[in-house]
Amino acid sequence: MKFTLSWLKEHLDTDEPLEKLADKLTMIGLEVENIEDKARQLAPFSIARVISAEQHPNADRLRVCMVDTGDGAAPVQVVCGAPNARADLISVFSPPGTFIPGKNITLGVGTIRGVESRGMLCSAAELQISDDHDGIMELPADAPVGKGYAEWAALGDPVIEINLTPNRQDCTGVHGIARDLSAADMGKFIDPGIKPIKGEFPCPVTVTVEDATLCPGFALRLVRGVRNGPSPEWLQKRLASIGLRPINALVDITNFMTYDRARPLHVFDAKKVTGNLTVRRAKDGESLLALDGRTYTLDPAICVISDEHGVESLAGIMGGETSGCDENTTDVLIESALWNEINIAQTGRKLGINSDARYRFERGVDPAFMVPGLELATRMVMELCGGAPSETVVVGKAFGDDRIIDFPLSEVKRLAGIEVPLVEMKRILGHLGFMVAGNGPVLKVAVPSWRTDVHGKADIVEEVVRIVGVDKVPMTPFERGDDARKPVLTAMQNRTRRAKRALAARGMVEAVTWSFISRPHAELFGGGKGELALANPIASDLSDMRPSLLPGLVAAAQANANRGFSDVALFEVGQIFRGDRPGDQFVAAAGVRHGYASATGIGRHWSGSAMTDALDAKADAFAVLAAAGAPMQALQIVPGGASWLHPGRSGTIQIGPQNVLGYFGELHPRALEALGADGPLVAFEVILDRIPDAKKKPTRARPLLELSAFQPVSRDFAFIVDRSVKAGDIVRAAQGVDKKLITDVSVFDIYEGKGIDPDKKSIAIAVTIQPREKTLTDQEIDAVAAKIVAEVTKKTGGTLRG
């Protein structure tokens, strides 16, 4: 909702500064999103005269202008590329240091093709006052040189934009906003009565409403002999200031009423209407060419206004082009009606129309203002276009139902925790339009017709508290009691959070991809079942529910690589779908690495850096499982993985053959080709649902483990072992040497090839030794290292590589 400060002051007599009004609007629930103050923004721009405009010596399309800025100083030299730059032109000048809003730059002294330029002559687009950027602005010859442009052009009317909650339909008009500010002591509300206009003749058009549930009330009036042309300048400026395009006087009046009084109206050219009007449901196959130039196909769920010829208007949303008013209109039918809010919302959503009328009607307009709104619009038509009015035709109810609420004074204290004196409470409610009777413990409160959202005692408390100030509500702690707090998050929610943190800590970036993928990609990852195909996909390549997170992550990694960011590490935690039953839906954690995006940025390698490999993916998978509470000592690694992984560079993580937790490794070249991705690319995916819950055992409380004060020591070992020996066997052998001192063992290299027997391989591990009680001597560290070598040799038959 947009309005100008001067517009607001037509309904609110106030001297409060703009900043205070904006703060108060936000405090009473009408949140200010933006204030556009052209006068402040364009203050540095002034009116100037071009003394001369000579051809630039080094550029055909540039001119060197000498500019009189009107400050009494010497003329300023400006290089200008506008085709209309010429001597004696009056335009707008900006000196160095000025921020140019249309270009988002701050102007400086520059040299253009060897000629110094100390300022700029501006176009309307550069000042963001129109889209005209074909040349610099041309002002009238009598424009005062040296005067501020914003002041001369009367741009000193700030535009305020507020964000409304759906219940505040009364504040979709400036009149309602002023009422709220008046209740908040920001000024005096200006609300003159609306005098009825006596009809000079019976209205020749009758109205029939076939379904009162769709249209509770309908008012109509004919005005003959109007002269429809451009609306007056004040009305055009008012509409243009909030982004509405002036069309003609009759249409501009309806737009003004929509924003001024939250009362959408519609005008028909009476000579284009055949016979009488009927409010009814549309028939199958009917269509309407609307005022937005689009043709809409209708059905019986849509409410329309029709004449004997056919549909003339989408009720409460948009009129038809056939009966629209133009410069030839001489007789006009003005319609003011009430519509079913739900039907308006459903119709607008079905047809994809977001009009100002729909925005208000689907929230519920003031029913009691239906006829007064018609009277006010009729008066404006007569003042701006002339004409003679008919009598008013009213069908249905011209007012809303009475709502009276028994309101105990104690409710404000009980629900909001603040004491509000009775006098202040009555003042607030009275200024908001509520009628209050009584002085005892229970008041009788009559709800005004425009507050269709107020239904009970709590709503009245909210009205009082928002005007008094939400900041006055004291901070009151909830009573906790003596019982222990119950967990707020479920076990799966905790696993999900820990998995995300673990992967982020390893340098990966979280991605959120589509839950839908193409049928070929779904089949590649074990999906593609008919039960998981979408009945109405939004795109042909998003036809099936995903059986894995990896297709989306691979696509995201490739998109980054295509844009020059080949070293990426992405992860996602989300749902995957393997069947049509709830038990076939799982929460998975997956990740991909491409290029040199290892967990440490640069891998441990003899060359100083290395491409990511299957071991990086394995480390990612293990980090997730450890964070999610998996029993790490029970995990088994089986060579080979899923069909989409390279058979010789992948592994399966399981707890026995019946519980496969996930896979890791390098993507198969066939999978990369099907996904349209460049390799090599490593990935992992684990199913968080399959992690067994930890067994709860009664234990004695133990003191928290403190960080050691002693420096850890790292030692590397490389062992020559048979090809059949698994790296995990070496890791477990090293860990078993001294579980108190050895805190981590990790594999950082596996080598097969030149210098190693064909039936052997080299596995290198890094061992971290963490002293607890004292700093270890070299002899003690060597003793631990010797035990590691001896234990690995004993368990695997390996020998230390020279």
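This text walks through the nonpolar cores and then the salt bridges of a predicted model.

Start with the interior. In soluble globular proteins, nonpolar side chains tend to be buried together. Here the largest nonpolar core has 110 residues. Those with the most contacts inside this core are I162, I177, L298, L314 and W339. Helix α10, residues 370-385, gives the most to the core, contributing 7 residues.

W339 is a good place to look around. Set aside its neighbours within four places in sequence. The contacts of W339 then include L214, C215, P216 and F218. V279, C303 and I305 also touch W339. So do A315, G316, I344 and F361. A second core is separate from the largest one and has 25 residues. Among them are V568, L570, I576 and L672.

Now turn to the charged side chains. Side chains of opposite charge can pair when their charged atoms come close. The whole structure holds 43 salt bridges. Three pairs and one network are described here.

Take R238 and E10. They form a salt bridge, and their closest N and O atoms are 2.8 Å apart. This pair links distant parts of the chain, with the two positions 228 residues apart in numbering. R238 sits in helix α6, residues 233-241. E10 lies in the loop between α1 (5-9) and β2 (12-13). R238 counts as buried because its relative accessibility is 11%, under the 20% cut-off. E10 has a relative accessible area of 42%, so E10 is partly exposed.

D185 and R427 make another long-range link. Their side chains meet in a salt bridge at 3.3 Å, N to O. The two residues are 242 residues apart and join distant parts of the chain. D185 is in the loop between α5 (174-183) and β14 (188-189), and R427 is in helix α12, residues 422-431. D185 is exposed, at 52% relative accessible area. R427 is partly exposed, at 22%.

The third pair stays within one helix. E411 forms a salt bridge with R414, with the closest N and O atoms 2.9 Å apart. Both belong to helix α11, residues 410-416. They are 3 residues apart, so about one helical turn separates them. E411 is buried, at 8% relative accessibility, whereas R414 is exposed, at 58% relative accessible area.

Finally, salt bridges also join into a network. It links R168, D170, D180, R451, D453, E463 and R466.

Conventions
Residues are numbered from 1 along each chain as its sequence is written. This is a predicted model: local features need pLDDT of at least 70, side-chain atom pairs count only at pLDDT 80 or more; totals for chains, interfaces and linings use all residues. Side-chain values use heavy atoms; hydrogens and water are left out. A nonpolar core is a set of buried Ala, Val, Leu, Ile, Met, Phe, Trp, Tyr and Cys residues joined through side-chain atoms within 4.5 Å. Buried means under 20% relative accessible area, exposed over 50%, partly exposed in between (1.4 Å probe, protein chains only). Helices (H or I, at least four residues) and strands (E, at least two) are DSSP runs, numbered from the N terminus. Contact means heavy atoms within 4.5 Å. A salt bridge is a side-chain nitrogen of Lys or Arg within 4 Å of a carboxyl oxygen of Asp or Glu.
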